[in-house]
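This report walks through one protein model, from a single loop residue out to the whole chain. Please keep the sequence and the 3D view side by side while reading.

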Amino acid sequence: MKNKNALPNVKHYQSILRGTWLIKFSIADDQNILLTFVNVFTGQVIMRYHTNEDDAVETINFVTQSEFDLEQ
């Protein structure tokens, strides 16, 4: 039987679409932020962890405003 309390203080939020990126937010203990980005066209996945909300916002802006060249 799985431990249902393995991550008791984690909140998950509805994914949002920003440009070509689907962004999933998870917050643990009201301070640890996990961002998961999935490009809806290429399937590229980027995951970033932050303890500061301002850093998380900078990451979101950087990823959603950047053009990643996957053929390099």
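Is Asp29 buried, exposed or partly exposed? Asp29 counts as partly exposed, because its relative accessibility is 44%. The model is predicted, and that holds for every value below.

## The loop between β3 and β4

Asp29 sits in the loop between β3 and β4. Its phi is near 55°, a positive value in a residue other than glycine. Asp30 is found in the loop between β3 and β4 too. Asp30 has a positive phi of about 60°, although it is not a glycine. Asp30 is exposed, because its relative accessible area is 62%.

Asp30 also takes part in a salt bridge. Its side chain meets that of Lys11, at 3.0 Å from N to O. The pair links distant parts of the chain: Lys11 lies in strand β1, Asp30 in the loop between β3 and β4, and 19 residues separate them. Lys11 counts as partly exposed, because its relative accessibility is 40%. How many salt bridges does the structure hold? The structure holds one.

## Overall architecture

The protein has one helix and five strands. From the N terminus on, the order of elements is β-β-β-β-β-α. The chain has 72 residues, and buried residues make up 22% of them. About 5700 Å² of the protein is exposed, with carbon and sulfur atoms supplying 51% of that area. Take the contacts between residues at least 6 apart in sequence: 17% of them join residues at least 24 apart.

## The nonpolar core

Which residues form the largest nonpolar core? There are nine: Trp21, Ile23, Ile33, Leu35, Phe37, Ile46, Ala56, Ile60 and Val63. Three elements give two or more residues to this core: β3 (21-28), β4 and α1 (53-65).

Two threonines are buried as well. Thr36 is in strand β4. Thr36 counts as buried because its relative accessibility is 18%, and the cut-off for buried is under 20%. Leaving aside neighbours within four places in sequence, Thr36 is in contact with Leu22, Ile23, Lys24, Val45, Ile46 and Met47. Of these, Ile23 and Ile46 are listed in the core.

Thr64 belongs to helix α1. Thr64 counts as buried because its relative accessibility is 18%. Not counting residues up to four places away in sequence, Thr64 touches Arg18, Trp21 and Ile23. Trp21 and Ile23 are core residues.

Val57 is also found in helix α1. Val57 is partly exposed, because its relative accessible area is 39%.

Helix α1 and strand β4 can be related through C-alpha separations. The C-alpha atoms of Thr64 and Phe37 are separated by 9.1 Å, with their positions 27 residues apart along the chain. For Val57 and Leu35 the C-alpha atoms are 9.9 Å apart, at a sequence separation of 22 residues. Phe37 and Leu35 are both members of the core.

## A nonpolar patch outside

Nonpolar side chains occur on the surface too. Leu17, Leu22, Val40 and Phe41 form a patch there, with about 430 Å² of accessible area together. Phe41 lies in the loop between β4 (32-39) and β5 (45-50). Is Phe41 buried or exposed? Phe41 counts as exposed, because its relative accessibility is 70%. Leu22, another member of the patch, is one of the contacts of Thr36.

## Accessibility at a glance

| Residue | Relative accessibility | Class |
|---|---|---|
| Phe41 | 70% | exposed |
| Asp30 | 62% | exposed |
| Asp29 | 44% | partly exposed |
| Lys11 | 40% | partly exposed |
| Val57 | 39% | partly exposed |
| Thr36 | 18% | buried |
| Thr64 | 18% | buried |

## Confidence

How far can the coordinates be read? The mean pLDDT of the protein is 86. Of its residues, 82% reach 70 or more. Which strand has the lowest confidence, and which element the highest? Strand β1 (residues 10-12) is lowest, at a mean of 90, and β5 is highest, at 96. Where pLDDT is low, predicted coordinates should not be read in detail.

Key:
Residues are numbered from 1 along each chain as its sequence is written. This is a predicted model: local features need pLDDT of at least 70, side-chain atom pairs count only at pLDDT 80 or more; totals for chains, interfaces and linings use all residues. Side-chain values use heavy atoms; hydrogens and water are left out. Patches are made of residues with over 30% relative accessible area and no salt bridge: like charges are joined within 9 Å, nonpolar side chains (Val, Leu, Ile, Met, Phe, Trp, Tyr) within 5 Å. Accessible areas come from the Shrake-Rupley method with a 1.4 Å probe; for residues, only the protein chains shown count as cover. A salt bridge is a side-chain nitrogen of Lys or Arg within 4 Å of a carboxyl oxygen of Asp or Glu. Helices (H or I, at least four residues) and strands (E, at least two) are DSSP runs, numbered from the N terminus. Buried means under 20% relative accessible area, exposed over 50%, partly exposed in between (1.4 Å probe, protein chains only). A nonpolar core is a set of buried Ala, Val, Leu, Ile, Met, Phe, Trp, Tyr and Cys residues joined through side-chain atoms within 4.5 Å. Contact means heavy atoms within 4.5 Å. pLDDT is the predictor's confidence in each residue, from 0 to 100.
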